Amino acid sequence: TELGWGQGFGSGKVCGQSNIVQDGAGGSLCLDQAVTLEVAQSLCNSIGARLCDISEIENGETTGTGCSHDFKSVWSRTRCDGNKVWRKNGNGSGNRTCSWPASTGFVRCCADESTL
C-alpha cells in the first residue's frame with residue numbers, strides 16, 4: 001500500500017498495522033499502552049489510515065501486524081449499543097466487547113487498497 005504495509009490476512013483489499021507512532025526518522029514504533037477511542041482515531045488519522053471495522057478485525061486483517069497486540073483488546077470504528085464501540089483481540093479471536101469511548105484499548109489501524 002501507499003503506507004508501506006503488507007496485505008492483510010483477510011481480503012487483500014485492506015491492510016492493518018500496529019507500528020503507528022512516527023519516530024521522527026521516517027520509521028514507526030509500537031504504542032504499547034492502551035488509549036481512549038479519540039486518541040486511537042487521531043493516531044490512525046495522523047498516518048493516513050483509520051480504525052478497522054469490527055468485521056475486518058474478525059476476518060484477520062490485523063492478525064500478526066506487530067506490537068504483540070494479537071491478544072489485546074483493540075479499538076474498531078464500528079458502533080454498538082448507541083454511543084459505544086466494539087473492541088476485540090487484535091487477531092480477531094475471543095468475544096467482542098462493547099466499550100465506552102472513554103475507556104482504553106490498544107490501537108491497530110487499517111487502510112484500504114489504493115483505487116488509483
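Let's start in the middle of the protein: the largest nonpolar core here has 13 residues, and those with the most contacts inside it are Ala-40, Leu-51, Trp-75, Val-107 and Cys-109. Helix H1 gives the most to this core, with four residues. One thing to keep in mind as we go: this is a predicted model.

Let's pick out Ala-40. Which residues does Ala-40 touch, not counting residues up to four places away in sequence? The list is Val-35, Leu-51, Trp-75 and Val-107. There is also a second, separate core, made of five residues, and Cys-52, Ile-57, Val-74 and Phe-106 are among them.

Now let me step back to the chain as a whole. It has two helices and eight strands. If you read along the sequence, the pattern is β-β-β-α-β-α-β-β-β-β. The chain has 116 residues, and buried residues make up 42% of them. Here is a number about how the chain meets itself: take the contacts between residues at least 6 apart in sequence, and 60% of those join residues at least 24 apart. As for the outside, the chain exposes about 6,000 Å², with carbon and sulfur atoms supplying 48% of that.

Back to helix H1, please, and find it on the structure. In H1, the residues Leu-37, Ala-40, Leu-43 and Cys-44 are buried. Why do we say they are on the same side of H1? Because they cover an arc of only 125° around the axis. If you are new to helices, here is the background: an α-helix has 3.6 residues a turn, so residues three or four places apart point the same way. Now turn to the face of H1 that points away from the buried side, and you'll find the exposed residues Glu-38, Asn-45 and Ser-46. Just after H1 comes Gly-48, which takes a positive phi of about 80°.

Next, Leu-51, which we already met in the core. Leu-51 lies in strand E4. Is Leu-51 buried or exposed? It counts as buried, because its relative accessibility is 4%, and the cut-off for buried is under 20%. Leaving aside neighbours within four places in sequence, Leu-51 is in contact with Leu-37, Ala-40, Gln-41 and Cys-44, and also with Trp-75, Ser-76, Arg-77, Val-107 and Arg-108. Another pair to look at is Leu-51 and Ala-111: they are 60 residues apart along the chain, and their C-alpha atoms are separated by 8.3 Å.

On to the disulfides. A disulfide is a covalent bond between the sulfur atoms of two cysteines. How many disulfides does this model have? The count comes to three.

The first one I'll show you is between Cys-44 and Cys-109, with the sulfur atoms 2.0 Å apart. The torsion about that S-S bond is about -90°, so this disulfide is left-handed. Cys-44 sits in helix H1, residues 37-46, and Cys-109 sits in strand E8, residues 109-112, so the pair ties together parts that are 65 residues apart in sequence. Cys-44 is buried, at 0% relative accessibility, and Cys-109 is buried at 0% too.

Next, Cys-52 is joined to Cys-110, with an S to S distance of 2.0 Å. Here the torsion about the S-S bond is about 95°, so the disulfide is right-handed. Cys-52 lies in the loop between strand E4 and helix H2, while Cys-110 lies in strand E8, so this pair ties together parts that are 58 residues apart in sequence. Both Cys-52 and Cys-110 are buried.

That leaves Cys-80 and Cys-98, joined with an S to S distance of 2.1 Å. This link is right-handed, with 110° about the S-S bond. Cys-80 is in strand E5 and Cys-98 is in strand E7, 18 residues apart, and the pair links distant parts of the chain. Cys-80 is buried, with a relative accessible area of 6%, whereas Cys-98 counts as partly exposed, at 26% relative accessibility.

One last stop, and then I'm done. Thr-65 lies in the loop between H2 and E5. At 11% relative accessibility, Thr-65 counts as buried. Which residue does the side chain of Thr-65 join through a polar contact of 3.1 Å? The partner is the side chain of Arg-108. And you may remember Arg-108 from earlier, as one of the residues in contact with Leu-51.

Thanks for listening, everyone!

Definitions and conventions: Residues are numbered from 1 along each chain as its sequence is written. This is a predicted model: local features need pLDDT of at least 70, side-chain atom pairs count only at pLDDT 80 or more; totals for chains, interfaces and linings use all residues. Side-chain values use heavy atoms; hydrogens and water are left out. A disulfide is a pair of cysteine sulfur atoms within 2.5 Å. Buried means under 20% relative accessible area, exposed over 50%, partly exposed in between (1.4 Å probe, protein chains only). A nonpolar core is a set of buried Ala, Val, Leu, Ile, Met, Phe, Trp, Tyr and Cys residues joined through side-chain atoms within 4.5 Å. Contact means heavy atoms within 4.5 Å. A polar contact is a pair of N or O atoms within 3.5 Å; within protein, one must be able to donate a hydrogen and the other to accept it, and residues adjacent in sequence count only if both atoms are side-chain atoms. The arc is that of the directions from the helix axis to the C-beta atoms. Accessible areas come from the Shrake-Rupley method with a 1.4 Å probe; for residues, only the protein chains shown count as cover.
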